[in-house]
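Work through these exercises with the structure in view. Try each task before reading its solution.

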Amino acid sequence: MQHIDVIVVGGGPAGLTAATYLQRFHRRCVLIDAGDSRALRIPESHNCPGFPDGVSGPELVARMHTQAREAGVAFESGSVDSLSRHDDGGFVVSARSRQWRSRAVILATGTRDVLPEVAWAEEAIACGALRLCAVCDAFEASDLRIGVYGPGRAVASHGRFLRSYTNRLVLIPTDHAFDAGDDEAFADGATRVLAPGGELQFDGRRCAYREPDGTVTELDTLYPYLGVEAEHPLVACAGAGAERPGETVVDAHQRTRIPGLYAIGDMVSGLNQISVAVGQAAIAATHLHNALPFVPRAAAASIE
């Protein structure tokens, strides 16, 4: 069993940043990555600082992976099966047949969007017909026919946000709970509300919605708001369960209620942004480095 200063679980922008910081602090760090970061689904982002011409999620993750590896981070591929406290106050991390002992753990396992139950969801995401983050990319959809799909209450709140990007908004509630009320965002009558109970369609380029009466409305892009998976198994496994659906509660240093266990990125924040994840990673890694036992640097070997 390897003994490590810090195990980072998750190889998205948050985990890669935390691991890079820790390795540059000369801490022994291993990053365990299942290879399913939410960032890998981004076709192209123009909302990521430092990339004015845009960057795809896979390219960004690859660049950050290279930076971490060049700093000396050790990578392991696989899904962590269990996380438990050790008698000495550290942790035991297991991934299939392998185990590691560590003084601390940073969880950066992200969150998983609940997608429409259709076979073409990933294909539609790849071409921008289906989008997962209006904060990230609604600017690029300005003035297009934007669809908002999900339970009535979610459609109302997210539709209000998107109404500032287009006057061709189409709301598609999956139930009868939608109520615009006297919301000023919908008061001008420009927003269409379609009947629930229909069918989402995709022609390889754009999405459409077929209402129960057969009426088809084509959409330039569609935002589904069906929620996220509410549980983070490793958090619960360690005894620091989420207190809000889909979000792990941490303090100002990204610490959970379990000493030595930190959480960062989308699994913590409702504002699922790369810039937020990277900031949380820097905070967690720096605090953790200062909390670990001090190790003075030995004299470097002389070069003659």
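**Exercise 1. The core**

Which residues does I264 touch, not counting residues up to four places away in sequence?

Solution. The model is predicted, so treat each value as computed from it.
Step 1. Start at I264 and leave out residues up to four places away in sequence. The residues touched are A14, G15, A18, I106, L107, A108, Q254, Q280, A281 and A284.
Step 2. Place I264 in the largest nonpolar core, which has 29 residues. V6, V8, I106 and I264 touch the most other members.
Step 3. Find the elements that give two or more residues to this core. They are β1 (2-9), α1 (13-24), β2 (29-33), α2 (57-71), β6 (98-107) and α7 (274-291).
Step 4. Look for another core apart from this one. It has 20 residues, among them V30, I32, W100 and V235.
Step 5. Recall the general pattern: in soluble globular proteins, nonpolar side chains tend to be buried together.

**Exercise 2. A helix pair**

Describe how α1 and α7 cross, and list the residues that make the contact.

Solution.
Step 1. Take the axes. Those of α1 and α7 come within 8 Å and cross at roughly 30 degrees.
Step 2. Classify the angle. Angles under 35 degrees count as roughly parallel, so α1 is roughly parallel to α7.
Step 3. Give the hand. The crossing of α1 and α7 is right-handed.
Step 4. Name the residues. From α1 come P13, A14, T17, A18, Y21 and L22. From α7 come I274, A277, V278, A281, A282, A285 and T286.
Step 5. Sort them by type. Eleven are nonpolar, two are polar and none is charged.

**Exercise 3. Three residues**

For C127, D137 and E122, decide: buried, partly exposed or exposed?

Solution. Under 20% relative accessible area is buried, over 50% is exposed, and in between is partly exposed.
Step 1. C127 lies in the loop between α3 (121-126) and α4 (134-137). Its relative accessibility is 41%, so C127 is partly exposed. Not counting residues up to four places away in sequence, C127 touches F202, G204 and R205.
Step 2. D137 is in helix α4. At 17% relative accessibility, D137 counts as buried. Beyond residues up to four places away in sequence, D137 touches R131 and Y223.
Step 3. E122 sits in helix α3. With a relative accessible area of 42%, E122 is partly exposed. Neighbours within four places in sequence aside, E122 is in contact with R41 and L115.
Step 4. Set sequence against space. C127 and G150 are 23 residues apart in sequence and 21 Å apart in space, C-alpha to C-alpha. E122 and A108 are 14 residues apart along the chain, and their C-alpha atoms are separated by 23 Å.

**Exercise 4. A covered helix**

Which residues of helix α5 are buried, and what covers them?

Solution.
Step 1. Locate α5 at residues 152-162. G152, A154, V155, A156, G159 and L162 are buried.
Step 2. Look at the cover. It includes α4, β7 (146-150), β8 (169-173) and β13 (221-224).

**Exercise 5. The whole protein**

How many helices and strands does the protein have, and what does its C-alpha trace span?

Solution.
Step 1. Count the elements: seven helices and 14 strands.
Step 2. Take the principal axes. Along them the C-alpha trace spans about 75 × 45 × 35 Å.
Step 3. Add burial. Of the 304 residues, 47% are buried.
Step 4. Finish with contacts that have a separation of 6 or more. Residues 24 or more positions apart account for 55% of these.

Conventions
Residues numbered from 1 in each chain as written. Predicted model: local features only at pLDDT ≥ 70, side-chain atom pairs only at ≥ 80, totals over all residues. Heavy atoms only, no water. Core = buried A, V, L, I, M, F, W, Y, C linked by side-chain atoms within 4.5 Å. Buried < 20%, exposed > 50% of the residue type's maximum accessible area, 1.4 Å probe, protein only. Helix = DSSP H or I, 4+ residues; strand = E, 2+ residues; numbered from the N terminus. Contact = heavy atoms within 4.5 Å. Axes fitted to C-alpha atoms, helices over the stretch in contact; angles between N-to-C directions. Parallel < 35°, antiparallel > 145°, perpendicular 65-115°, else oblique. Left-handed = near helix turned anticlockwise from the far one by under 90°. Nonpolar A, V, L, I, M, F, W, Y, C, P; charged D, E, K, R; others polar.
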